[in-house]
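Biologist: I've got this one open on my screen and would like to talk it through. Could you walk me around it?

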Amino acid sequence: MDDLFQQAYAGDDIAGVDEVGRGPLAGDVVAAAVILDPQHPIAGLRDSKRLSAARREELALAIRAHALAWSVARATVEEIDRLNILQASLLAMKRAVEALQPQPGYVLVDGNRLPQWSYAAEPVVKGDNRVPAIAAASILAKVQRDAELVELEERYPGYGFAAHKGYPTAAHLSALRELGVTPAHRRSFAPVRALLGESG
């Protein structure tokens, strides 16, 4: 891990939480929360974006098997459009932490913002490569969301969701222009909004 983070909280019931999917034009934003077991350390945890898909899958299996607690939650496309992507991301992270059993004594959140909640917590900038529990959460969230985008590819063929995972690549934008907007697309995002002929 880079620049290993040192938090003041000394207990073992620390949850790491992260989200995946703020930038894409389609699909839910997915968050995960993980309380690692200090008696069962998992080697190789790091920011999910720095790992191959195969390695993420391997680590996700290890996290689910050995973590003291883990959960995955989301905010839907409809919630993203209603709230905005930042607030929807914070909501997804809040839901992930609330779903943990047992509940954490302290929470470390990737980024520079905290959800509105009652947990003792602190944000950690670039935490997905500084805090093992946040890295574990980023891996679970990424594996879950990627699987969901593969399913979207089957539901809406021709958009290339399995390849670009909803991000605004040239191929995705071209497919949007040719095939139109699906129910999975975020209507509040500018490229989608423009195709719908909506301003603002």
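Modeller: Sure, and one term before we start: a residue is called buried under 20% relative accessible area, exposed over 50%, and partly exposed in between. Keep in mind, too, that this is a predicted model.

Biologist: Then let's use that term. Does A171 count as buried or exposed?

Modeller: A171 is found in helix α6. Its relative accessibility is 52%. The cut-off for the top class is over 50%, so A171 counts as exposed.

Biologist: And H164, buried or exposed?

Modeller: H164 has its place in helix α5. Leaving aside neighbours within four places in sequence, H164 is in contact with Y159, T169 and H172. Its relative accessibility is 9%, and the cut-off is under 20%, so H164 counts as buried.

Biologist: Back to α6. Why do its buried residues H172, A175 and L176 end up on the same side?

Modeller: As a rule, an α-helix has 3.6 residues a turn, so residues three or four places apart point the same way. In α6 (residues 170-179), the buried ones are H172, A175 and L176. They sit on the same side of α6 because the arc they cover around the axis is only 105°.

Biologist: What covers that buried side, and which exposed residues does the face turned away from it carry?

Modeller: The cover over the buried residues of α6 includes α5 (161-164) and α7 (190-195). On the face turned away from the buried side, the exposed residues are A170, A171, R177 and E178.

Biologist: Which residue follows α6, and what is its phi?

Modeller: The helix is followed by G180. The phi of G180 is positive, near 95°.

Biologist: On to the sheet. Which strands stand at its edges?

Modeller: There are five strands in an open sheet with mixed pairing, in the order β3-β2-β1-β4-β5. On average, neighbouring strands are turned by 20° against each other, direction ignored. Two of the strands have a single partner each, so one side of each is left without a neighbour in the sheet: β3 (69-75) and β5 (121-124).

Biologist: How many bridges join β1 to β4, and how many join β2 to β3?

Modeller: β1 (residues 14-20) and β4 (residues 106-110) run parallel, with A15 opposite V107. β2 and β3 pair in the antiparallel sense, and I35 has A69 as its bridge partner there. The counts are four bridges for β1 with β4 and seven for β2 with β3.

Biologist: Which side chains of β3 are buried?

Modeller: In a regular strand the side chains alternate between the two faces of the sheet. β3 shows that alternation: W70, V72 and R74 point to one face and are not buried. Pointing to the other face, the buried ones are A69, S71, A73 and A75.

Biologist: Last one: at what angle do α1 and α4 cross?

Modeller: α4 also lies across β1, β2, β3, β4 and β5, at about 35° to β1. Where α1 meets α4, the contact has seven nonpolar, no polar and five charged residues, among them L59 and I63 in α1 and I139 and L140 in α4. The crossing is left-handed. The axes of α1 (residues 53-66) and α4 (residues 132-155) come within 9 Å and cross at roughly 120°.

Methods: Residues numbered from 1 in each chain as written. Predicted model: local features only at pLDDT ≥ 70, side-chain atom pairs only at ≥ 80, totals over all residues. Heavy atoms only, no water. Axes fitted to C-alpha atoms, helices over the stretch in contact; angles between N-to-C directions. Left-handed = near helix turned anticlockwise from the far one by under 90°. Contact = heavy atoms within 4.5 Å. Nonpolar A, V, L, I, M, F, W, Y, C, P; charged D, E, K, R; others polar. Pairing = 2+ DSSP bridges. Buried < 20%, exposed > 50% of the residue type's maximum accessible area, 1.4 Å probe, protein only. Arc of directions from axis to C-beta.
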